[in-house]
Amino acid sequence: MSKTSIWTFKLSTAAIALIPAAIGINYLGKLFAGLLKLPLWLDSIGTVLASMLAGPIIGALSGIINNIIYGITVDPISTVYAVTSGAIGLVVGIMAYKGWLKNVKTAIVIGLVVGIVAAIISTPLNITFWGGQTGNIWGDAFYAFLVSHNFPVWLASFGDSFVVDVPDKIATVIISYFIFRGLPNNFNTIFRGSDKIEEL
Amino acid sequence: MAIIKVENVKYKYPDTDKLVLNDMTFDVEQGEFIGLIGKNTAGKSTLCFALAGLVPHFFKGAYGGKVLVNGLEVRQHEIGEISPHVGLVFENPFSQMTGSKYTVYEEIAFGLENMGIDREIIVNRIEESLELLDITEIKDKNPFDLSGGQMQRVAIASVIALKPSILILDEPTSQLDPQGTEEVFKVIENLTKEGITIIMAEHKIDKMAGYTDRILLIHEGKLIDFDTPAKLFSREDLQDYGIIAPAVTRISQSLGIQNKENGLYPVTLKELSREMGDKR
Amino acid sequence: MSTMTLYVEKNSILHNTAPLTKVLYVMVSIAITYLIPEIAFVLSVAIITLLLLILGKVFRKIVPILGLSIILILSIIIVQGFFHPQNQTILFSIGFVTFYKEGLSYAALLTLRVMNMIMSFGILILTTKHDELVEAMIKKGLSPKIGYVLLSVLQLIPQMRTTMAKITDAQRSRGMETEGSLLVRMKAFFPLIGPVVLNSINITRERAIALEVRGFSSNQKRSFLNISKEYRYQTAIQVILWLTLAAAIVWRILTWLS
């Protein structure tokens, strides 16, 4: 595979057309997780897959647009987290490009990093917009516990996001990794952008 | 003058070793209706993509030789520049709907808007295409609410609205039910009267025999033959290429009914009955 | 085929306001409630937003949307009421549970902001057609490709919902267990999502081809089939909104300085 820069800004049509699909997959992941009553959201599988297939920019766009669309069609609150979703796409795309998609173990590392980054970015958002909470019952209980034990708000809020995000993102990246591995190889080439044309 | 010139074209998809197009050369004259036949892996779709510029620009890979469409060398131009000259329609009608438009009318406008064509002209072009494809009645429907045959006609209309001089149809009926197939063939027949050059890959050999001026037979990336249906389907070795001649031809062969002037077997019912009439 | 939309077809002043003016209202009304952390002020902004919703004849439609955030709001009230670090003044106690004034007034501020945020979004999304909004944004310089993505997602998601129903039925009839231990349910996730992913990536490939041959990557300036509607007084309203935002920023800076 001829390597091209991951930051190619002339995005291919195939990569652009991948964004709606990624958002649809996010949505389905969330629905299936709900249907199976899994204790996770699994609502960013599409974003993570798009990053693996087409790089960080498409991944980030998928994440950002995902939350905007969800905001204007279902729940306005989710718009606030567009930044977090964008960062998830960015991190997965970069780490995948740097070779962290080798096996399940390295995929778990990606998931861990993604979870921590997501928590770090969500924390200031949560503090600014809702005093540090997430609206997730377990996370908020943890927040209340920390605050009542005199931890500072920012740490309590980070703890709140952390317990919510990290397990979910690790699971999301592992699932996406298996799906990605299962895709036929010829699927992937067109999303990768500007491979040069060889002369025959 | 030839409207399509293909010279020694070779092509490989990325990460593969096989030449999917292996040194192909042929010309197509303006206004001809060309049938493209061959086995599933013969390279029909790839050839269609090569004429529309998707090979090599969209798929990348390794490319050699030259394709000229309407005087434009495909290798040197972007798909956006080629698409006003060459329209492409393929199998799956569902994936050819853009998904961003809410009515058939707007769906047809999509390409015209992308090309920055004036609004008045857009409206005219849409009306014309609706008429030509016989879909005026469904113009206000959501594209995804249509039947396969209707959707495929909308796909053709969307491409025809760009006024290409060449239309490439890659198995446009293979995912349709018999009624949808019938609808699509009927409008394709209309299009031939418009003087547009058509290249159609298709498995329905009997249909091809009736409509086409010439047939291009390919096998494993190579051009085997390019001739009139009568001559091509009279070949003895068709089966080697995974092709079964039209029913009419096979019947004539087994009954020994040949055209008296050129010794070829009839390929359509009309020809057959003429030859039979002569016999009586 | 349904489109994912909350748009309500009505005739009101808000329906006859330019999409971008409404976008600006959403941004300004949210921003000022965070710039000026005074309950009375935030309350009045929220009331204005509420009145606008009533004016737009879509008030009833906002209730379920607000309902989605009920857990967040309750959580804010309870947690801040109990545990806000500055809690000092006891307001009231229910049994052993004590609510503090500082925490509750902070919770009230946050709750009003959240409600204002949701309601002002409501103004935009309940009274504006998606395609009109996106076209207006493209005319203002949004990339037409991003515009395409936005519009196509809205049609794609209902399609995926249909696909999901089909797959769930098919897998269930093959005896896949969707109930049982966590492990069993985790395992069931793959056969559910796998086929959809494969299918949608396949469609993406083909759709990209269809878009390409219809000039999607052309660098031409786009033209538009739909004529944009003419709206009156938009510049005046937009200027007022910008001025409001500027005033809030000035207020903020002055409070910092003093």
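Which residues of chain B does UniProt place in the feature "domain: ABC transporter"? The UniProt record, an unreviewed entry, puts that feature at residues 4-245 of chain B. The model is predicted, and the points below take up the annotated spans, the contacts between chains, two helix pairs and one glycine of chain A.

**Annotated spans**

- Over residues 4-245 of chain B, the chain is 36% helix and 24% strand, and the C-alpha atoms at the two ends are 27 Å apart.
- For chain A, the annotation "transmembrane region", which also comes from an unreviewed UniProt entry, covers residues 6-28, 40-65, 77-97 and 109-129.
- In the span of residues 77-97 of chain A, 76% is helix and 0% is strand, with the end C-alpha atoms lying 32 Å apart.
- The span of residues 109-129 of chain A is 100% helix and 0% strand, and its end C-alpha atoms lie 30 Å apart.

**Contacts between chains**

- Chain A and chain C meet through 47 residues of chain A and 54 residues of chain C.
- On the side of chain A that touches chain C, two or more residues come from each of α1 (13-35), α2 (45-54), α3, α5, α6 and α7 (153-182) of chain A, and α1(A) gives the most, with 17 residues.
- Sorted by class, the side of chain A that touches chain C holds 33 nonpolar, eleven polar and three charged residues.
- Chain B also contacts chain C, with 32 residues of chain B and 28 residues of chain C taking part.
- At least two residues each on the side of chain B that touches chain C are supplied by α3 (79-82), β6 (86-89), α4 (93-96), α5 (104-114), α6 (119-132) and α7 (148-160) of chain B, while α5(B) gives the most, with six residues.
- The side of chain B that touches chain C is made up, by class, of 13 nonpolar, 14 polar and five charged residues.

**Helix pairs**

- In chain A, helix α3 (residues 56-73) packs with helix α4 (residues 82-97) at an angle of about 160°, their axes being 7 Å apart; because an angle over 145 degrees counts as roughly antiparallel, α3(A) and α4(A) are described in that way.
- The crossing of α3(A) and α4(A) is right-handed, and the residues that meet include A:G59, A:G63 and A:N67 in α3(A) and A:G86, A:G89 and A:G93 in α4(A).
- The residues of this contact of α3(A) with α4(A) divide into nine nonpolar, nine polar and no charged.
- In chain C, the axes of helix α1 (residues 19-35) and helix α2 (residues 39-55) come within 9 Å and cross at roughly 165°, so α1(C) and α2(C) are roughly antiparallel to each other.
- The crossing of α1(C) with α2(C) is left-handed, and the contact is made by C:S29, C:I32 and C:T33 of α1(C) together with C:V42, C:V45 and C:T49 of α2(C).
- Three nonpolar, three polar and no charged residues make up the contact of α1(C) with α2(C).

**A glycine of chain A**

- A:G135 lies in the loop between α5 (104-130) and α6 (137-148) of chain A, and A:G135 counts as buried because 21 C-beta neighbours fall inside 10 Å, where the cut-off for buried is 20 or more.
- Leaving aside residues up to four places away in sequence, A:G135 touches A:D140 and also C:I71, C:L72 and C:S75.
- Measuring from C-alpha to C-alpha, A:G135 and A:D160 are 9.6 Å apart in space and 25 residues apart in sequence.

Note on methods
Residues numbered from 1 in each chain as written. Chains lettered and ligands numbered in written order. Predicted model: local features only at pLDDT ≥ 70, side-chain atom pairs only at ≥ 80, totals over all residues. Helix = DSSP H or I, 4+ residues; strand = E, 2+ residues; numbered from the N terminus. Buried ≥ 20, exposed ≤ 12 C-beta atoms within 10 Å, placed from the backbone. Contact = placed C-beta atoms within 7 Å. Nonpolar A, V, L, I, M, F, W, Y, C, P; charged D, E, K, R; others polar. Axes fitted to C-alpha atoms, helices over the stretch in contact; angles between N-to-C directions. Parallel < 35°, antiparallel > 145°, perpendicular 65-115°, else oblique. Left-handed = near helix turned anticlockwise from the far one by under 90°. UniProt positions renumbered as here; feature names shortened; annotations may be inferred.
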